[in-house]
Amino acid sequence: MPKVLIADSLSPRAVDIFRTRGIEVDVKTGLKPDDIKAIIGGYDGLAVRSATKVTAEIIAAAPGLKVIGRAGIGVDTVDVAAATQAGIVVMNTPFGNSITTAEHAIAMMFALARQIPQADRSTQAGKWEKSKFMGVEVTGKTLGIIGCGNIGAIVADRALGLRMKVVAFDPFLTVERAKALGVEKVELDDLLARADFITLHTPLTNDTRDILNAAAFAKMKPGVRIINCARGGLIVEADLKAALEAGQVAAAALDVFPVEPAKDNILFGLENIVVTPHLGAATTEAQENVALQIAEQMSDFLLDGAVTNAVNVPSVSAEEAPRLTPYIRLAEQLGSLAGQLLTSGVTAVTVEFHGEASALNTRPITAAALTGLLKPALDRVNIVSAPVVAKERNIQIAELTRDTASDYHTLLSLTVETETGPLVLQGTLVGATLPRIVKLGAVPLEAELGQHMLFIRNRDKPGFIGALGGVLGDAGVNIATFHLGRTAPGADAVLLTEVDQPIPAALLDAVRRLPQVVEARALAF
Ligand SMILES: NC(=O)C1=CN([C@@H]2O[C@H](COP(=O)(O)OP(=O)(O)OC[C@H]3O[C@@H](n4cnc5c(N)ncnc54)[C@H](O)[C@@H]3O)[C@@H](O)[C@H]2O)C=CC1
Ligand SMILES: O=C(O)CCC(=O)C(=O)O
């Protein structure tokens, strides 16, 4: 039974889902990194919000971990590169808290426009400072949205409802989409110069880090108001402080900080800021959404291999997972056979999908072929890490799909280019689920792969099969299956035979000494 650790506070309904689906679950919140490292080895899944930082050290301490589920959007608290290298799927819930976060941004905008938190503090302190808290209307004002994805688009919709004009800077926003949203797509400098309110809704990336710095503040309309419900690192806080003190920025509302929990931030104490402790996603509705969604997604993955909303592997739906499973097995066998037969470095891999296979989601199948290929040389490679590992080794990867008929209703063809030439292997499925190797180089055959296999390239001469049977029999090695193929009578032939136990080195040497044998190898699957 798979086992999941919930390390941050998640709706209790997530626990119910895991348990109902037959997954063992422990809830241990508030753990220190060392405590997580000490126990994570015992889990298949780790579910987090933003409090737990899933570092490379935690990942290194988790040899059995298969999936990290982020109940939320930003995966900047997870070392995705380290997880990918370790073959761990990282998934998030990209929509579950978008409305809630957009609403928080709008609430922050009103808090700034009408100084509600400051007026509240003053009034409760017994003062009655009506003239001090003169506000501004938002109607007719320009809202600049930096990052117009899911949350930015909802903010735009709400702002348009408030009769604001909305301009958006987002390099990935198409003009058509902008038009459909009712926003004007602009360049960043244009937005900075025109907006009365600026709200940030991008992920934290190398391009967005420090996007609002001293130079950006200088380009803004004097008296602009800034809202950040995305990530702390998007704003240079020292520059914002200077702009607030100089009055260039009238006020700022911040939900997120470069260092969280933010306890002694340099902006704290300024009159014209409003802050919340990363509450963007904190509504009952959003937390139910993300907790249920992540529990379902992680369960689907751990139980059925379905991959939804993963940030580091292609998606595989629950419906297609069973259809892909036999192809993934076949691809991994083809890759593994190639990996064990190769004698020189791999430079390129092409996977061709013929017939029925051409209609499938090809990327997981290609990843499986790469896994098989790399596994003989590398320990912990799997379909999550194999494409990245191959890329790091400068292996070019290509996929071709051909829906035209061949001798088989469905066929995978794997071409591995090496420094000494190509190796081509082909395989099909028999009875829709059973992998068969149907071509090895130029030689057609029909071979089923078992755990211990003997591969022989031989000259097609009489007496060979008897001689081989004798050598194996004398050593007490039982033959389970026997598959022969040749290009033409008397020409090159190959033999793939399954035996019931591993073949010792001395026996392999004896096989190699048979006069018809050109090459012999013991293979394991
Ligand atoms: N305060 C909170 O509790 C929450 C914060 N967030 C943050 O909000 C961010 C946005 O979330 P979504 O809208 O769901 O993500 P999304 O991926 O749907 O949208 C992000 C948008 O940013 C754009 N973008 C990327 N690089 C950019 C750049 N250099 N300049 C301008 N735009 C750029 C993208 O094209 C995309 O349209 C998340 O990455 C997360 O960090 C999300 C949920 C809750
Ligand atoms: O889980 C939370 O409270 C934070 C949400 C968030 O920042 C996100 O989903 O990116």
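This passage describes the domains, sheets and ligand surroundings of a predicted model.

The domain assignment divides the chain into four parts: domain 1 (3-95 + 285-304), domain 2 (98-275), domain 3 (315-441) and domain 4 (450-525). Domain 1 is thus made of two separate segments of the chain. The centres of domain 2 and domain 3, taken over C-alpha atoms, are separated by 49 Å. Annotations in UniProt, each from an unreviewed entry, offer a second description of the chain. The feature "domain: D-isomer specific 2-hydroxyacid dehydrogenase catalytic" is listed there for residues 4-312. In the model this span is 38% helix and 16% strand, with its end C-alpha atoms 20 Å apart. UniProt also gives "domain: D-isomer specific 2-hydroxyacid dehydrogenase NAD-binding" for residues 106-280. Helix accounts for 34% of residues 106-280 and strand for 17%, and the end C-alpha atoms of this stretch lie 11 Å apart. A further UniProt feature, "domain: ACT", is placed at residues 452-515. Here the chain is 30% helix and 38% strand, and 23 Å lie between the end C-alpha atoms.

An open sheet of 7 strands is found in the model, with parallel pairing and the order β8-β7-β6-β9-β10-β11-β12. The edges are formed by β8 (184-185) and β12 (273-275); each has a single partner strand, so one side of each is left without a neighbour in the sheet. Within this order, strand β9 (residues 197-200) and strand β10 (residues 224-228) run parallel and are joined by 4 bridges. In this pairing, L200 stands opposite N228 of β10.

Antiparallel pairing occurs further along the chain. Strand β13 (residues 346-355) runs antiparallel to strand β15 (residues 410-418), and 9 bridges join the two. One of the paired positions is A348, whose bridge partner in β15 is E417. Strand β15 also pairs with strand β16 (residues 421-430), again in the antiparallel sense, over 7 bridges. The partner of S413 in β16 is Q426. The connection from β15 to β16 is a hairpin of 2 residues.

Helix α12 (residues 284-304) comprises 21 residues. From its first C-alpha to its last, α12 reaches 29 Å, close to the 30 Å expected at 1.5 Å a residue. Just after α12, G305 adopts a positive phi of about 80°.

The surroundings of two ligands were examined. Ligand 1 is surrounded by 32 residues, of which the closest are G147, G149, F172, P203 and G280. Two elements, α5 (98-114) and α7 (150-161), give two or more residues to this shell. The greatest contribution is that of α7, with 3 residues. By class, the shell around ligand 1 contains 13 nonpolar, 15 polar and 4 charged residues. Both domain 1 (3-95 + 285-304) and domain 2 (98-275) give residues to the shell, so ligand 1 lies between them.

Around ligand 2 are R49, S50, G72, I73, G74, N97, H278, G280, A281 and A282. This shell has 3 nonpolar, 6 polar and 1 charged residues. Residue G280 is listed around ligand 2 and is also among the closest residues to ligand 1.

Terms used. Residues numbered from 1 in each chain as written. Chains lettered and ligands numbered in written order. Predicted model: local features only at pLDDT ≥ 70, side-chain atom pairs only at ≥ 80, totals over all residues. Near = placed C-beta within 6 Å. Nonpolar A, V, L, I, M, F, W, Y, C, P; charged D, E, K, R; others polar. UniProt positions renumbered as here; feature names shortened; annotations may be inferred. Expected span 1.5 Å × (residues − 1). Pairing = 2+ DSSP bridges. Domains from an automatic or database assignment.
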